[in-house]
Amino acid sequence: MSESEQRFGEFVVVRRHEHVAELVLDRPKAMNAVSTEMARSIAAACDALAADRGVRVTVLTSTHERAFCVGADLKERNSFSDAELVRQRPTARAAYTGVLELPMPTVAAVHGFALGGGFELALACDLIVADGTAVVGLPEVSVGVIPGGGGTQLLPRRVGAARAAELVYTARRVQATEARELGLVDQLADDARTEALAIAARIAANSPVGLRAAKRALRLGQGLDLRAGLEVEDAAWRSVAFSGDRAEGVAAFNEKRKPQWPGE
């Protein structure tokens with residue numbers, strides 16, 4: 001497996017495993033608390049990944065042995081004036097929307113704590129794999145704010161309005177087994193990173209053009225009525241129907257061989 005590594009600032013690394021990119025949160029001294037600098041680095045890494053046509057899947061992981069990400073850096077926030085907090089807001093938002101808007105499928109590998117903004121980074125992914133150490137939650141109301149990295153919108157889309165309301169209002173932390181039962185995570189594994197990378201490798205065997213179009217249809221169709229959603233699907237289908245990937249996929253199927261995707 002060919003690998004390469006690129007660092008974005010001090011706290012974010014992107015590792016390439018052939019067609020799978022691993023976006024690694026690497027601020028171990030602060031359990032990956034998202035500071036302004038780290039938020040900038042996440043956004044920059046996502047910009048680079050979005051522009052890389054060779055990336056078919058992105059996996060979001062952490063180097064910390066006890067945490068995926070504990071959310072916003074509250075020590076830094078405590079030092080902000082009101083004006084500084086207002087100025088920092090677009091930077092923080094860009095990190096979460098950067099992950100959310102990645103055009104290829106995304107998988108979060110949650111080990112340990114994924115709280116507040118940390119859980120929101122996972123929620124921004126298409127799939128969440130966790131291990132038995134996982135503890136997830138949106139505790140923002142317990143410190144006088146609300147989930148501001150997409151949590152109030154992404155969580156109800158995942159688990160329904162009433163369940164999301166209970167979790168946000170109580171600010172409670174949820175252990176791995178219950179998190180799986182409630183749909184806060186999609187899969188439990190012995191090792192979240194290993195399993196997430198294995199799922200990513202299975203996804204990456206498929207057409208990159210098809211994967212991006214399928215993600216677009218899934219995301220854009222969410223919340224629409226069925227008729228409008230089917231129009232979104234049709235537009236996505238038309239974008240792939242005459243692609244090189246489709247021609248190669250059909251040819252490979254008929255010739256009983258593994259496809260060599262042109263990615264266009």
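Two strands count as paired here if DSSP finds at least two bridges between them. Strands and helices are themselves DSSP runs, numbered from the N terminus, with E and at least two residues for a strand, H or I and at least four residues for a helix.

Hello everyone, and a quick word on what you are looking at. This is a predicted model, in which local features need pLDDT of at least 70 and side-chain atom pairs count only at pLDDT 80 or more, while totals for chains, interfaces and linings use all residues. Residues are numbered from 1 along each chain as its sequence is written, and side-chain values use heavy atoms, with hydrogens and water left out.

Let's start with an open sheet. Four strands make it up, in the order β5-β7-β9-β10, with mixed pairing. At its edges sit β5 (67–69) and β10 (174–175), each of which pairs on one side only. β5 runs parallel to β7 (residues 113–115), and two bridges join them. One contact to look for is Ala-67, whose bridge partner in β7 is Phe-113.

Now to strand β6. Is β6 buried or exposed? All five of its five residues, 106–110, are buried, so the strand is largely enclosed by the rest of the structure. Buried means under 20% relative accessible area, exposed means over 50%, and partly exposed is in between, using a 1.4 Å probe and protein chains only. In a regular strand, side chains alternate between the two faces of the sheet. In β6, Thr-106, Ala-108 and Val-110 are buried on one side, and Val-107 and Ala-109 are buried on the other.

β6 also has its pairings. Strand β4 (residues 57–62) runs parallel to β6 and is joined to it by three bridges; Leu-60 has Ala-108 as its bridge partner there. With β8 (residues 127–131), β6 pairs in the parallel sense over four bridges, and Ala-109 has Val-129 as its partner in β8.

Next, charges. Side chains of opposite charge can pair when their charged atoms come close. Counting a salt bridge as a side-chain nitrogen of Lys or Arg within 4 Å of a carboxyl oxygen of Asp or Glu, the total comes to 15. One of them joins Asp-26 and Arg-7 at 2.9 Å, N to O. These two lie 19 residues apart, Asp-26 in the loop between β3 (20–25) and α1 (36–50), Arg-7 in strand β1 (residues 3–8). Asp-26 is buried at 16% relative accessibility, whereas Arg-7 is partly exposed at 44%.

Another salt bridge, at 2.7 Å, N to O, brings Glu-22 and Arg-193 together. Here the partners are 171 residues apart, Glu-22 in strand β3 and Arg-193 in helix α8. Glu-22 is buried, with a relative accessible area of 0%, and Arg-193 is partly exposed at 33%. Both belong to a salt-bridge network with Glu-5 and Arg-15.

My last stop is the surface. Which residues make a nonpolar patch of about 270 Å²? They are Leu-74, Val-143 and Val-145. Such patches are made of residues with over 30% relative accessible area and no salt bridge, joining like charges within 9 Å and nonpolar side chains (Val, Leu, Ile, Met, Phe, Trp, Tyr) within 5 Å. The areas come from the Shrake-Rupley method with a 1.4 Å probe, and for residues only the protein chains shown count as cover. Val-145 lies in the loop between β9 (135–137) and α5 (151–159), and is partly exposed at 45% relative accessible area.
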